[in-house]
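Dear colleague,

Please find below the structure that I am handing over to you, together with its sequence. My notes on it follow directly after.

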Amino acid sequence: MQTYAVAFFIGLIASWFLVLYVRKLAIKLGALDKPDARKVHKNPIPRMGGLAIYIGFIIAVVASMHLTKEIIGMLIGATMIVALGIADDIYQLDAKVKLAGQIAAAAVLVLFDVKIGWIANPIGDYVYLEYFAIPFTIIWVVSLTNVVNLIDGLDGLAAGVSIIASVTVILVALKQGFYPAAVLTAAVAGSALGFIKYNFNPAVIFMGDTGSMFLGYILASISI
């Protein structure tokens with residue numbers, strides 16, 4: 001079996017198995033999404049389900065591939081963004097605090113030499129960013145992190161979109177021979193798919209900022 005398929009199934013099984021345990025933990029910690037006039041659910045629903053996606057992803061990556069310097073940097077940054085999401089799911093952090101945490105997690109990638117060195121020019125050549133590589137990378141990662149966070153408003157939406165995006169990245173990576181990127185993205189897709197069963201309407205758990213920020217962050221990192 002191909003390595004990316006192994007990563008996919010490990011992530012799927014791990015996250016599927018962990019979701020209900022994470023749900024109990026979220027209830028214990030008080031990470032609950034309470035109903036109000038803007039929401040359709042009538043009872044409090046646990047947030048923080050993204051922790052199962054994150055753990056499933058970590059297990060899949062560690063079990064299926066060699067950890068290079070760049071991958072270790074991605075995992076450290078992802079851990080930071082998950083910790084930020086957990087804090088927000090429990091305590092509802094101020095937006096400025098969340099933004100500062102997102103920037104710090106993005107900066108970790110740069111420290112581990114994961115950054116955007118050039119971009120394609122539609123006219124035909126490449127544009128080398130040079131001194132702008134660091135700010136461009138941080139802006140990209142923070143932007144995509146918040147894009148996925150913002151679409152997490154309907155049951156299954158953020159996880160579903162992330163799975164579709166992951167499959168697209170896998171196909172492109174395989175076609176161009178970027179096998180580590182394909183394995184990493186397969187781990188994302190499997191972990192998100194294992195969670196989504198519990199997130200379809202009527203959801204028994206929400207991924208919360210823990211999951212939406214993690215998915216946005218890790219997809220932004222892998223794309224680099």
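M48 counts as buried, because its relative accessibility is 0%, and buried here means under 20%. This residue belongs to the loop between β2 (45-46) and α2. Please bear in mind throughout that the model is a predicted one. The phi of M48 is positive, near 75°, although the residue is not a glycine. Most residues other than glycine have a negative phi.

Two further positions deserve mention for their backbone. E130, which is not a glycine, has a positive phi of about 50°. Its place is in the loop between β4 (126-128) and α5. E130 is exposed, since its relative accessible area is 63% and the cut-off for exposed is over 50%. Q92, which follows α3, also has a positive phi, near 55°.

Helices α2 and α3

Helix α2 (residues 50-64) consists of 15 residues and reaches 21 Å from its first C-alpha to its last, close to the 21 Å expected at 1.5 Å a residue. Its buried residues are G50, L51, A52, I53, Y54, G56, F57, A60, V61 and S64. The elements that cover these buried residues include α1 (3-29), α3, α7 and α8.

For α3, the 23 residues should span 33 Å at 1.5 Å a residue, and the end C-alpha atoms are 33 Å apart, so the two values agree. The buried residues of α3 are I71, G73, M74, L75, G77, A78, I81, V82, L84, G85, D88 and D89; D88 and D89 are thus among the buried positions. These buried residues pack against α2, α4 (95-111), α5, α7 and α8.

Two serines

Which partners does S15 contact, leaving aside its neighbours within four places in sequence? They are A52, I53, G56, G190, S191, G194 and F195. S15 lies in helix α1 and counts as buried, because its relative accessibility is 0%. A polar atom of the S15 side chain lies 2.8 Å from the backbone oxygen of S191. Of the contact partners, A52, I53 and G56 are themselves buried in α2.

S223, in helix α8, counts as partly exposed because its relative accessibility is 42%, which falls between the limits of 20% and 50%. The side chain of S223 reaches the backbone oxygen of A220 at 2.7 Å. From C-alpha to C-alpha, S223 and F206 are 26 Å apart in space, with a separation of 17 residues in sequence.

The second largest pocket

S223 also belongs to the residues that lie nearest the centre of the second largest pocket, together with V169, A181, I222 and I224. The volume of this pocket is about 660 Å³, and 26 residues line it. How does the lining divide by residue character, nonpolar, polar or charged? There are 20 nonpolar residues, five polar residues and one charged residue.

Several helices take part in this lining: α3 (69-91), α5 (133-151), α6 (157-176), α7 (179-196) and α8 (208-223) each supply at least two residues. The largest share, seven residues, comes from α6. Helices α3, α7 and α8 thus appear both in the lining of the second largest pocket and in the cover over the buried residues of α2.

With kind regards

Note on methods:
Residues numbered from 1 in each chain as written. Predicted model: local features only at pLDDT ≥ 70, side-chain atom pairs only at ≥ 80, totals over all residues. Heavy atoms only, no water. 1 Å grid on protein atoms, 1.4 Å probe; cavity = no way out; pocket = protein on both sides within 12 Å on 5 of 7 lines; lining within 4 Å. Points joined across faces, edges and corners; volume = space filled by probe spheres on them. Helix = DSSP H or I, 4+ residues; strand = E, 2+ residues; numbered from the N terminus. Nonpolar A, V, L, I, M, F, W, Y, C, P; charged D, E, K, R; others polar. Expected span 1.5 Å × (residues − 1). Buried < 20%, exposed > 50% of the residue type's maximum accessible area, 1.4 Å probe, protein only. Contact = heavy atoms within 4.5 Å. Polar contact = N/O pair within 3.5 Å; in protein donor to acceptor, adjacent residues only side chain to side chain.
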